[in-house]
Amino acid sequence: MLTCRRLVRLTMKNVDWCGKPYYSLDAYFKHTYGTKCYKLAVDAGFTCPNRDGKLDVRGCVFCSAGGSGDFAVGLSEALSSIDKLSEKNIVIYFQAFTNTYGDVDDMRKLFTAALCHEQVIGISIATRPDCLGEDVLLLLEELKKSFVHKFIWIELGLQTIHRKTEQYIRRHYGLNVYDDAVNKLKLLQIPFITHIILGLPGENEAMMLETVRYVSDISRTKGSEPNGIKLQLLHVLTGTDMADDYMAGRFRVLSQDEYIELVIKCLQNIDENIVIHRITGDGPKNILLAPQWSANKRGVLNSFHKRMKELGARQGMFNNEEK
Ligand code: SF4
């Protein structure tokens, strides 16, 4: 496995994206492990400083009651379900709420339990950049050393680089905090995946592309495992404060055509060595208020691939490596 992963590093420039015009997570897994890999989303029982009163009690303006992990199951349930699966390569995705916020010993137990499972090839930990203190970083380093044949990824919910939007979504940390966290993760050689939301109120195309270019630049790596980007369409979910603003007509959501054109421009501006973990979103249909077209994920992806082909578009084609 290690040989295979090293090979990926050496040949990233020439990686076959499995027939797609962008470097998908699926292509990354196929090259690294020779097969498809599956992600299981987990709610490990954490909370979040944006909800428990440390920074706020209201949560981010778009976040659902499930802490953006509406399909997640408990860790024990996830691990016991793996035994029934025929798939061999599983990634445990600690998705709901902030998974590095709380007691470090509890984190150690949870992350270790996941990494110890034979069929688990790695874990992906969703968190906030302001919840990566020295104790957490030491734990990540310790786990990395203990599980050398498995990976540990960190997912950072940045969403935007713009101050005005940051305040509207109630993120409660500045861009400098993200930069700092990224630099620390780079020193530890822990790959990170940055989440960006497309279609946030008040943002135009130029602003969104600015965020994408910024994250692409900071995510570039030389000679180590590639970092990633998740592009997520803004989902307005019932029960959120954003739903109230939407219902009051304070902003509109993107149409499917607008979104597809925008995602293509984003990909063209992302360095070709960065793995694209997502190009749309997986909003829970039962609480999805808008845009309704996004519920047909297969249809959106088909239209997106068709349009990429028509345009001859490719990830990284507008990205200047010498910048
Ligand atoms: S999006 Fe993340 S940081 Fe924001 S309230 Fe939800 S769980 Fe907390």
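Isoleucine 197 stands opposite glutamine 232, which belongs to strand β6. Start there, and keep in mind that this is a predicted model. The pair sits where two strands meet. Strand β5 covers residues 192-198, and β5 pairs with β6 in the parallel sense. Six bridges link the two strands. How does the chain get from β5 to β6? The path goes through helix α8, residues 205-219. This β-α-β crossover is right-handed.

Now look at β6 itself. The strand spans residues 228-233, and six of its six residues are buried. In a regular strand, side chains alternate between the two faces of the sheet. Follow both faces of β6. On one side are Gly228, Lys230 and Gln232. On the other are Ile229, Leu231 and Leu233. Both faces are covered, and these residues are all buried.

Strand β6 has another partner. It runs parallel to β8, and three bridges join them. Here lysine 230 stands opposite arginine 278 of β8.

Stay in β8, which covers residues 275-278 and includes histidine 277. Is histidine 277 buried or exposed? It counts as buried because its relative accessibility is 13%, and the cut-off for buried is under 20%. Which residues does it touch, leaving aside neighbours within four places in sequence? Gly228, Ile229 and Lys230 are among them. So are Leu25, Lys39, Trp153 and Ile193.

Next comes the core. In soluble globular proteins, nonpolar side chains tend to be buried together. The largest nonpolar core here has 68 residues. Those with the most contacts inside it are Ile92, Phe94, Ile123, Leu140, Leu231 and Leu267. Helix α10, residues 256-268, gives the largest share of this core, with seven residues. Take leucine 267 as an example. Beyond residues up to four places away in sequence, it touches Leu231, Ile276 and Ile279, among others. Its contacts also include Tyr22, Phe304 and Met308, as well as Arg314, Gln315 and Gly316.

Turn to the ligand. Eleven residues lie around it. Which of them come nearest? They are Cys48, Gly59, Cys60, Cys63 and Arg128. By class, this shell has five nonpolar, four polar and two charged residues.

Lysine 30 offers a contrast to the buried strand residues. Its place is in helix α2, residues 25-33. It counts as partly exposed because its relative accessibility is 34%. Leaving aside neighbours within four places in sequence, lysine 30 is in contact with Cys18, Thr35 and Lys36. Threonine 238 is 208 residues away along the chain. The C-alpha atoms of lysine 30 and threonine 238 are separated by 37 Å.

Finally, check the backbone. A cis peptide bond joins alanine 290 and proline 291, with omega at about -10°. Proline 291 is in the loop between β9 and α11. Two residues other than glycine deserve a look for their phi angles. Phenylalanine 97 has a positive phi of about 60°, and its place is in the loop between β2 and α4. Glutamine 159 also has a positive phi, near 75°. Where does glutamine 159 lie? It is in strand β4, residues 151-159. Glutamine 159 is buried, because its relative accessible area is 8%.

Definitions and conventions. Residues numbered from 1 in each chain as written. Predicted model: local features only at pLDDT ≥ 70, side-chain atom pairs only at ≥ 80, totals over all residues. Heavy atoms only, no water. Helix = DSSP H or I, 4+ residues; strand = E, 2+ residues; numbered from the N terminus. Buried < 20%, exposed > 50% of the residue type's maximum accessible area, 1.4 Å probe, protein only. Contact = heavy atoms within 4.5 Å. Near = heavy atom within 4 Å. Nonpolar A, V, L, I, M, F, W, Y, C, P; charged D, E, K, R; others polar. Core = buried A, V, L, I, M, F, W, Y, C linked by side-chain atoms within 4.5 Å. Pairing = 2+ DSSP bridges. Right-handed = clockwise from strand over helix to strand, strands pointing away.
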